[in-house]
Amino acid sequence: MKRGYASTPDGQIHYITHGRGEPLLLLHATPRSAASFMPLMRLLGAKFQCFAADTLGFGYSDPLPAKAKMEDLAQSMVHFLDAQRIEHAHVLGFHQGNKIAAAMAAGFPDRVSKAVLVGMTHSLVVSRKDRNAAIMKIVSKYMTNFRESADGTHLLRAWASDYHSLAGIWWNPAIMTGRKITESALRLQESRMIEMIQCRRSIKLGYAMNFGFDLAATLRRIKMPTQVIECLMPDEAHLGAQGPKMVKLLKRGELVTLKEAGFDATEARAADIARAVSRFLLKI
């Protein structure tokens with residue numbers, strides 16, 4: 001795998017590339033980075049030229065512009081394709097990445113060949129009100145606002161809050177109390193710590209963009225073939241399956257469901273996702 005930077009009107013965008021074939025742009029979740037797609041790229045690289053980009057404000061890319069909207073990130077990814085001299089590409093997005101991918105497919109149909117929208121159920125809820133409520137239960141710890149004070153103690157409170165979030169990743173109970181602690185598991189936690197530090201200034205704005213995004217209206221505008229991959233977990237069963245609702249809004253949609261697939265689906269279920277995506281993208 002190779003790394004590089006693309007110079008765009010929006011700033012420099014860091015990316016990882018691997019493979020040969022038709023270009024496939026991969027857009028990560030918040031608060032992750034392009035590195036979360038490496039297991040998937042190893043599998044898809046045999047058939048596609050994969051580009052996993054750090055969206056602005058995340059990973060090693062330049063900062064996220066103030067007051068940015070999801071459509072702005074879609075535009076920045078079109079600029080990324082321009083920098084790579086790619087006229088058309090398939091686009092796959094996971095969680096927040098699926099919103100950027102949908103915005104690209106709806107707003108720039110001449111640049112997107114096929115789209116793949118992947119996410120856990122809470123990420124795919126069609127109703128914006130219900131989706132925002134479901135997401136807020138997960139991300140509320142990142143959305144705290146501290147009243148500004150002249151002595152800067154509000155900054156200290158924010159710093160302490162961020163440390164608390166980071167500590168939760170460093171001392172992951174599922175790993176530390178497991179029957180066996182492995183080097184690979186600790187390396188994964190280290191990678192996630194780095195990702196969190198890199199994007200700590202962008203998390204709140206990233207989720208604010210998510211809250212303001214009209215997914216249903218965007219899906220209705222997508223004309224190209226689109227695959228929805230819904231990752232199902234028992235603790236989200238109360239939300240009801242959202243994949244079928246999404247497909248009804250798409251003109252040329254198809255649905256794949258993965259059971260017991262969570263926040264790490266692009267890594268832990270890379271083989272299942274790669275199999276479904278390859279079949280869909282290569283289908284004439």
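## A guided selection tour

Begin by selecting glutamate 254, which counts as buried at 16% relative accessibility; buried denotes under 20% relative accessible area, exposed over 50%, and partly exposed the range in between (1.4 Å probe, protein chains only). The model is predicted: local features require pLDDT of at least 70, side-chain atom pairs count only at pLDDT 80 or more, and totals for chains, interfaces and linings use all residues. Residues are numbered from 1 along each chain as its sequence is written, and side-chain values use heavy atoms, with hydrogens and water left out.

**Salt bridges**

Add lysine 283 to the selection: its side chain meets that of glutamate 254 in a salt bridge, 3.0 Å from N to O. The term denotes a side-chain nitrogen of Lys or Arg within 4 Å of a carboxyl oxygen of Asp or Glu. Glutamate 254 belongs to strand 8 (residues 253–259) and lysine 283 to the segment after helix 13 (270–282), so the pair ties together parts that are 29 residues apart in sequence. Helices (H or I, at least four residues) and strands (E, at least two) are DSSP runs, numbered from the N terminus. Lysine 283 is partly exposed, with a relative accessible area of 42%.

Next, select aspartate 272 and arginine 275, a salt bridge whose closest N and O atoms are 3.1 Å apart. Both residues lie in helix 13, three residues apart, and are therefore separated by about one helical turn. Aspartate 272 is partly exposed at 25% relative accessible area, whereas arginine 275 counts as exposed at 55%. Then display Arg32, Arg192, Glu195 and Glu267, which are joined into one network by salt bridges that share partners.

Move on to aspartate 162 and arginine 200, where the closest N and O atoms of the salt bridge are 2.5 Å apart. Aspartate 162 is in helix 6 (residues 153–170) and arginine 200 in the loop between helix 8 (183–199) and helix 9 (203–211), so this pair ties together parts that are 38 residues apart in sequence. Aspartate 162 is partly exposed, with a relative accessible area of 23%; arginine 200 is also partly exposed, at 26%. The structure holds ten salt bridges.

**Paired strands**

Select strand 1 (residues 2–8) and strand 2 (residues 11–18). A hairpin joins strand 1 to strand 2 through two residues, and the two strands pair in the antiparallel sense over seven bridges; pairing requires that DSSP find at least two bridges between the strands. Lysine 2 stands opposite threonine 17 in strand 2. Six of the eight residues of strand 2 are buried. Adding strand 4 (residues 48–53) shows an antiparallel pairing with strand 2 over four bridges, in which cysteine 50 is the bridge partner of histidine 18.

**A surface patch**

Return to tyrosine 5 in strand 1, which is partly exposed at 44% relative accessible area. Tyr5, Tyr60 and Ile194 form a nonpolar surface patch with about 310 Å² of accessible area together. Patches consist of residues with over 30% relative accessible area and no salt bridge, like charges being joined within 9 Å and nonpolar side chains (Val, Leu, Ile, Met, Phe, Trp, Tyr) within 5 Å; accessible areas come from the Shrake-Rupley method with a 1.4 Å probe, and for residues only the protein chains shown count as cover.

**A buried alanine**

Finish at alanine 115 in strand 6 (residues 112–120), which is buried with a relative accessible area of 0%. Leaving aside residues up to four places away in sequence, alanine 115 touches Val91, Ala105, Met224, Pro225, Thr226, Gln227 and Phe280, contact meaning heavy atoms within 4.5 Å.
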